[in-house]
Every structure is written in C-alpha cells, then in structure tokens.
Amino acid sequence: MKKVILVVLAVFLVGLVSCVKDKTTGPHIEVSDIYISDQDTVLYPKLGEEFVFDPSDRISQTDPSCSLTYQWRYGKIYVSAKGEYMVHPQDSLKMLSNDKVLRFTFDRQEPYFARLRVSNEFGCAYRYFIVKPSSNFDEGLVMLSRNDEGDAMFSVQNTVTDEIELVQKEASDFWYRTSEDVPVLKDDIVDFAFVCGGGDVWFPRVGYPYILSRKNKQAYYLDHNTLRVITGFEFSGTPLKLGMCGVGKFDLFAFCDDGDMRVQTWNWQMEVERKVFKDVHHWDRFQRVKIRSGIERNSTFLDILFLHDDENSKLYGIWADGLSNSGIGPEAYPGEKVIYAIPFETANIGVHDFYIVTQNIENPSKITIRQVSDVGYTGSMYLLFGLYNVVSSYTYDLPEGEELTLTPEAQVLNVYQHRSILYNTDRKIYMWKPGASTEPKLPTEESELCFDVTSVNPNAVITCMTQDITNKYVFVGVYDPTAEGERKGSVYVLDSFDLSLLKKWEHVAYKPMNMYYKLHLLRTDY
C-alpha cells in the first residue's frame, strides 16, 4: 500500500512540474512596468503663489495602453543639529492630491518632502522630491542706500542656490524696495543691521533685518523675505548706530547722539534698563564686530559691541544681552587712542587671536599692536575672561610721511581660509595678515594685497563691504557722485583670495550705506 501511494505522489509531482514549465497550458500575464525618471528632484515653488507641476514627461510604462492613477503626499522636513535633512515618517505623510498635475499653494518657507505614487492594475512606482518654497529673497545680497533727499532704498540680488550662482547674475536681476512700498524709508534711516539665526541661535539661517530711524527714534523689524515693516522699537534717545546679539532675546542696542547706549528687548518689546556699565552714560564711538564660534557647519555668529571712551583711553565691550552683567572690561590704555579691536580667526574654527591697535596721542607715529592668542568660545567665559589677556605687545615707529591705513572708520572682514583680514578706506581695500610672521606687520600702504577702486572708476569711493558665507567673494558698495541718473551706487564683486575684480553691478543703488549676505533658510552646506 505504501508503495502505491509513493508511486501516485511521484506521478503528481512530475505532472505539476510539467505544467509549470509549459506556458501554453496555463494563463500568461504581461505586466506593465512603470518608470519615473529622477531628473530635477528639487522643486522651488513661489511662496503664496499656486505651484503647478506636471510630471508627464517623467513617467513611462512598458504598456502605454494601461490606465494610471496618481497620488501626491507630503510631509515636513526637519534640519538636524548637524545640518542634515530629517524626513517625516512616510506613514504620516499628508494627502495633497489624486491628480497627475500637482496644484498647491505653499505659504511657509519650510522644507517639505513630497512623494508621487503612480499605479496601474499590476503595481506602482514612487518618486520622492525635496520641496523648497522660494521667495524673492531666499539667499543673496541686500543693500540699503540713501539719496541726497534722504530717501532710502533696498537693493536685493537673490539666488535660490548659493553664492556661485549669485555672482553669475547681472545688474538687471536686482529687485528693489523703495519708500513707496515701505513709507518709513523716508524717515531719516541712519543704520541697517542683520541678525543671523532667526529663532535658532545655532544656525545663521534666516536674516532678520532691522533699520534705524533717527527721525522717529525707532528701530524697525522687517520681514526677511519682503523687507516690509513688521513692528517697531522706540528708543528714549536719538539713535545713530544699531547693534544686536543673537542669544534668543534679540536685544537691540542703539548708540545714541548723547553717547549713551539704549537697550530694547525683543521678548518684551520695550526699552529696558541696561545692567552692564550702569554708571557709564557716555562713549565717543561705537564699533560692531562679527565673530564666529563652533565648528564650520554649526557656526554661531555673534556681534561684539565695542564702546570707545577716547577721552580716558578706555575700551568697553558687550557680547551678550544688555539685561545681564556681561560687560567686558573696561580696559585702559593711558596716553593712547584705540584705533581698532580686531578678532582674527585662526585655522581652528571658533578660535580667535585678537589684535588691539593703538596710537600714541602725543606721538602719533608710535603704534602698538597687542595680541591676545587662542581666545576660544566657552560660553560667557569667551570674552569676559579672555579678551584682554595680552600675551604679546609690539610697538613700532611709523616711517616719516607714512600713515596707518587702518582707521576707526574702516570695516573689517575675516577670511579665515587664508588667515587674513580685509579692511577698507574710502578708495582701497587692503589685505592684512597679522599672524603671517612672528611680529605682525603694521597695517600700512605696504599691504600684502590691495584693491584700488579708482583703477576701475577714478570718481568712485567705497562706502561699505561684506562677504558671502563661504568667504569666496567680497561685495563692495561703491558710490560715484558724478554718475548720471538717481542710482549712482554700484556693487563690485572681488575674489577674496587675491582681490581681483570679478563682476560689476552698476547703477543698482543710491549711495550705499550698508549691506549684508543672507543665507538661505533651507541651506544645509557651506
């Protein structure tokens, strides 16, 4: 009996194998495979405008006669502490549309993750997209200028990618915000400043612009995409210069015409008592210096505010918010005038050498450079206990007929990639490398490199300058009072390594006052 069963089972198995191998004895189904190409998987819809995206030219299948269905879903993308994209779990993606052509209006400049599913009766295919809603000012250059009547104007050169793409643009690509759009631009605007960081101090992602009206005694906070006024902060004094810090409260410091410093706080939107240097109510001038701390990707950018008491040869500093006792110094230099306090970024990101340049009052040809080495960022200790600990001091006698080219009116930029400092006069930009030798050279006409604006335009003067986030380029605000038309201001783009002229954007501003480079909210590498 057992043998009979085994024989029957063997015959069944042979028959089964024969059926499988013989396609003519059973149904044969031809499936239609779907393919979605991976071209252009980053989408840039305009904020507040209906975004229409037709993927037809990306979709194909082996049997074109099969009907297809579509599904669009999306979710938010989060940027990690390391600057990496973190995607919402796929099962929580929200429904967008069942149409092939996506139509949607994005109202927030946040990164999104979009998924397209294309299905037929045999299966489906997926394609994923990064969606970066774009405004008129995503990343790029913003400059404030004024005409002879006191009318101010913003000039913006925008890019959705990076500084390399920005520099390829032409003067015709600028867009403008005038007093017709923002009426307060008529009200004696005397300063313009940018806060890096937005709500997250650890990333210089969103540029929050502020302008300062002497007439109205107010600082105005502007929308970072449209440059329209959101709110104002009134000061009890008449403000001349604006400073701020990015430590969460977003306190604004106004240096006023009486020499005092007033403090406004973002959290409470009111002027508050300054707790640092409470017994001092007059300084002669104000210096705003930007420093970087942290590793390159996670850089924090902070403003140090230096206050100069020239009569008593004292230098005061504020690094954090004015609501705490975070004053630096004061440090006295009897018989000397402080020309500049310069942070010089070393090869180690976030570690600085500070150079304090002073000039003897009785003998102006005698110059002293004090060096503070390896000042690192360790919270408030960074400046409170490290800034004035001089490790080296060098005194020089200027040769007869020679002068310092570094003046208190100069702007200073750090180019840490080649350990140099750029500073300007009204006609030239100099490169100074104080750490290139055992003893720092004097910042004089005998500079390592120099850009002379009169070699390009004999009538032009330099009014301001800034650099991009990667320090590849220097953007120079130039004014030609003899130029025709109302827009006598231009922007020259220089290579930051050799100061060669790369680009000219001519007649794009009134007389430039100040300008900044804004980093894209969604940019994760630089």
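Is Phe-106 buried or exposed, and what is its relative accessible area? In this predicted model, Phe-106 is buried, because its relative accessible area of 4% falls under 20%. The chain averages a pLDDT of 84, and 81% of the residues score at least 70. The points below take up confidence, aromatic rings, charges over rings, and cavities.

**Confidence**
- Over residues 197–205 the pLDDT stays under 50, and the model has 31 contacts beyond four places in sequence for this stretch.
- Residues 378–382 likewise stay under a pLDDT of 50, and for them the model has 10 contacts beyond four places in sequence.

**Aromatic rings**
- The count of aromatic pairs comes to 29, and one of them joins Trp-72 and Phe-129, whose ring centres lie 5.8 Å apart with the planes at 35 degrees, so this pair is tilted.
- Trp-72 belongs to strand β5 (residues 69–79) and Phe-129 to strand β10 (residues 123–131), so that the pair links distant parts of the chain, with the two positions 57 residues apart in the numbering; both Trp-72 and Phe-129 are buried.
- The rings of Phe-104 and Phe-106 have their centres 4.9 Å apart and their planes at 70 degrees, and the pair is edge-to-face because that angle is over 60 degrees.
- Phe-104 counts as partly exposed, because its relative accessibility of 26% lies between the limits of 20% and 50%, whereas its partner Phe-106 is buried at 4%.
- One aromatic cluster is formed by Phe-51, Phe-53, Trp-72, Tyr-74, Phe-104, Phe-106, Tyr-112 and Phe-129, and the residues of both pairs described above are among its members.

**Charges over rings**
- The charged end of Arg-487 is placed over the ring of Tyr-176, at 3.9 Å from the ring centre.
- The charged end of Lys-518 is placed over the ring of Phe-137, at 4.4 Å from the ring centre.

**Cavities**
- The model has two cavities of 30 Å³ or more, and the second largest cavity has a volume of about 30 Å³.
- The lining of the second largest cavity consists of His-308, Asp-309, Asp-310, Ser-313, Lys-314, Glu-336, Lys-337 and Val-338.
- Strands β23 (300–309) and β26 (336–345) each supply at least two residues of the lining of the second largest cavity, and β26 gives the most, with three residues.

Definitions and conventions
Residues are numbered from 1 along each chain as its sequence is written. This is a predicted model: local features need pLDDT of at least 70, side-chain atom pairs count only at pLDDT 80 or more; totals for chains, interfaces and linings use all residues. Side-chain values use heavy atoms; hydrogens and water are left out. pLDDT is the predictor's confidence in each residue, from 0 to 100. Contact means heavy atoms within 4.5 Å. Rings of Phe, Tyr and Trp (its six-membered ring) pair if their centres lie within 6.5 Å; planes under 30 degrees apart count as stacked, over 60 as edge-to-face and the rest as tilted. Helices (H or I, at least four residues) and strands (E, at least two) are DSSP runs, numbered from the N terminus. Buried means under 20% relative accessible area, exposed over 50%, partly exposed in between (1.4 Å probe, protein chains only). A charge sits over a ring if NZ of Lys or CZ of Arg is within 6 Å of the ring centre and within 35 degrees of the ring normal. On a 1 Å grid over the protein atoms alone, a cavity is a set of points where a 1.4 Å probe fits but cannot get out, and a pocket is an open set with protein on both sides within 12 Å along at least five of seven lines; lining residues have an atom within 4 Å of a point. Grid points are joined across faces, edges and corners, and a volume is the space filled by probe spheres set on the points.
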